[in-house]
Amino acid sequence: MIRFIVRRLLQLVPTMFGLSLLLFIWLHRLPGGPETSILGERATEERRAQIRASLGLDEPIWVQYGRFMRKLVAFDFGTSIQTGRPVMTEFGQRFPATLELTVTALVIAIGIGIPLGYMAARRRGSWLDNGTVMGSLLGVCVPVFFLAYVLKAIFSEYLHVFPSSGRQSDLLEATHVTGMFVLDGLITREWDAAGDALLHLVLPGIALASIPFAIIVRMTRASVLEVVGEDYVRTAEAKGLTERTVRGRHILRNALLPVATVIGLAVGGLLSGAVLTETVFAFGGIGSFLRDSIEFRDYPVLMGFIMMIALVYVLVNLAVDVSYGLIDPRVRVR
């Protein structure tokens, strides 16, 4: 198992290198540039050339890429053209909010999706099964940003049940340790702050979880239906084993293998989908910063964000591969 993990980690090197090269060339070949955002459309060519020279954008692209890679080895993504601050500093201030929202959405999707998919499969043809199938289909079809606006209109602006924006109430004073407000409230035992931050997470968390939740429900239902028809499950039931033993040892353990794969794929989508959700709820994470960076052609920020997403995505899929052997002992990774 350890050799497998080390081998997979070593495979990250050419993968991340190839991604960084393609991404760097693509971004720097896009029309326009940061000098247009800084100077405007009516600036002279001479002034544009001065700005590009000051940013090092007049050098050959392989020279720029080499400089980027030298910094990347030290986990330094450079300086934001837009703010003039180190990219890691900008991420350090905003990423905890995005991570908190992503984890919340993942907990909702897994915590409700797997039990609901299992119950729907075990009660096939019932109102619960039919409702689950229709609801999951609706969840896949509805865009995240549209659902976010609907939830905000109903539960914030009409019913006044949940906050409409932000991460914490304005008048609430709280101590921040990690930047994840719910966790901070638990660490410092400021229960009011933790509860308030949790309320601010409900609507954006539901909106962001909608698509992975629907996929996990459908995959769990289909996988359980396939497993319950296997001979070893019928044999276990015929031997008089308890429902709990049959469910945990023979059905869920085998049915969760494809679900684990789906969860790994969903993490990357959650991080990228958080950009839209944060914009709707003014959540204060990386979303609005990344949106402004795209308009500004802030190359260091865009490169840093996408490389971080890719790294998280690859590491999560590595964890999924490792989890195969933990879920099902028959699957041994060599």
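Reader: How many salt bridges does a search of the whole structure find?
Author: The model is predicted. A pair counts when a side-chain nitrogen of Lys or Arg lies within 4 Å of a carboxyl oxygen of Asp or Glu. Searched as a whole, the structure yields 8 salt bridges.

Reader: Which residue meets Arg48 in a salt bridge?
Author: Arg48 sits in helix H3, which covers residues 45-54. Its partner lies in helix H3 too, 3 residues away, about one turn of the helix. The N to O distance is 4.0 Å, and the partner is Glu45.

Reader: Is Glu45 buried or exposed?
Author: The limit for exposed is over 50% relative accessible area. Glu45 has 62%, so the residue is exposed.  Arg48, with a relative accessible area of 11%, is buried. For Glu45, then, the class is exposed.

Reader: What is the N to O distance in the salt bridge of Arg67 and Glu59?
Author: Arg67 is partly exposed, with a relative accessible area of 27%. Glu59 is partly exposed as well, at 31%. Their side chains meet in a salt bridge, N to O, at 2.6 Å.

Reader: Which residues join Arg85 in one network of salt bridges?
Author: Start with the pair of Arg85 and Glu90, whose side chains meet at 3.9 Å, N to O. Salt bridges that share partners then extend the pair into one network. The residues joined to Arg85 are Glu90 and Arg94.

Reader: Why does Glu90 count as buried?
Author: Buried means under 20% relative accessible area. Arg85, at 32%, counts as partly exposed. Glu90 counts as buried because its relative accessibility is 1%.

Reader: Which side chain makes a polar contact with the side chain of Glu100?
Author: Glu100 is found in helix H5, residues 87-122. The residue is buried, with a relative accessible area of 7%. Its side chain makes a polar contact at 2.9 Å. The other side chain is that of Arg167.

Reader: Which residues does Glu100 touch, not counting those up to four places away in sequence?
Author: Contact here means heavy atoms within 4.5 Å. Arg167, the polar partner at 2.9 Å, is on the list. The full set is Arg167, Met180, Phe181, Val182, Leu183 and Leu201.

Reader: The backbone oxygen of which residue lies 3.2 Å from a polar atom of the Ser156 side chain?
Author: Ser156 is found in helix H7, residues 144-158. At a relative accessible area of 7%, Ser156 is buried. Leaving out residues up to four places away in sequence, Ser156 touches Leu151, Phe162, Pro163, Ser164 and Leu203. The backbone oxygen at 3.2 Å belongs to Pro163.

Reader: How many Å apart in space are Leu39 and Glu59, C-alpha to C-alpha?
Author: Leu39 is found in helix H2, residues 34-39. In sequence, Leu39 and Glu59 are 20 residues apart. In space, C-alpha to C-alpha, the figure is 20 Å.

Reader: Which residues does Leu39 touch, leaving out those up to four places away in sequence?
Author: Leu39 is partly exposed, with a relative accessible area of 26%. One of its contacts is Arg48, the residue that meets Glu45 in a salt bridge. The list is Arg47, Arg48 and Ile51.

Reader: What separates the C-alpha atoms of Cys141 and Ser210?
Author: Cys141 lies in helix H6, residues 127-141. At 56% relative accessibility, Cys141 counts as exposed. Cys141 and Ser210 are 69 residues apart along the chain. Their C-alpha separation is 9.7 Å.

Reader: How many helices and strands does the chain have?
Author: From the N terminus on, the elements run α-α-α-α-α-α-α-α-α-α-α-α-α. The C-alpha atoms fill a box of roughly 85 × 55 × 40 Å along the principal axes. The count is 13 helices and 0 strands.

Reader: What share of the area the chain exposes do carbon and sulfur atoms supply?
Author: Of the 334 residues, 43% count as buried. The chain exposes about 18,100 Å². Carbon and sulfur atoms supply 64%.

Reader: How many Å apart are the mean positions of the positive and negative charges?
Author: The chain has 32 positive charges and 28 negative ones. Each set has its own mean position. The two are apart by 10 Å.

Methods. Residues numbered from 1 in each chain as written. Predicted model: local features only at pLDDT ≥ 70, side-chain atom pairs only at ≥ 80, totals over all residues. Heavy atoms only, no water. Helix = DSSP H or I, 4+ residues; strand = E, 2+ residues; numbered from the N terminus. Buried < 20%, exposed > 50% of the residue type's maximum accessible area, 1.4 Å probe, protein only. Polar contact = N/O pair within 3.5 Å; in protein donor to acceptor, adjacent residues only side chain to side chain. Areas by Shrake-Rupley, 256 points an atom, 1.4 Å probe, with all protein chains shown as cover. Lys, Arg positive; Asp, Glu negative; His and termini not counted. Charge placed at Lys NZ, Arg CZ, Asp CG, Glu CD.
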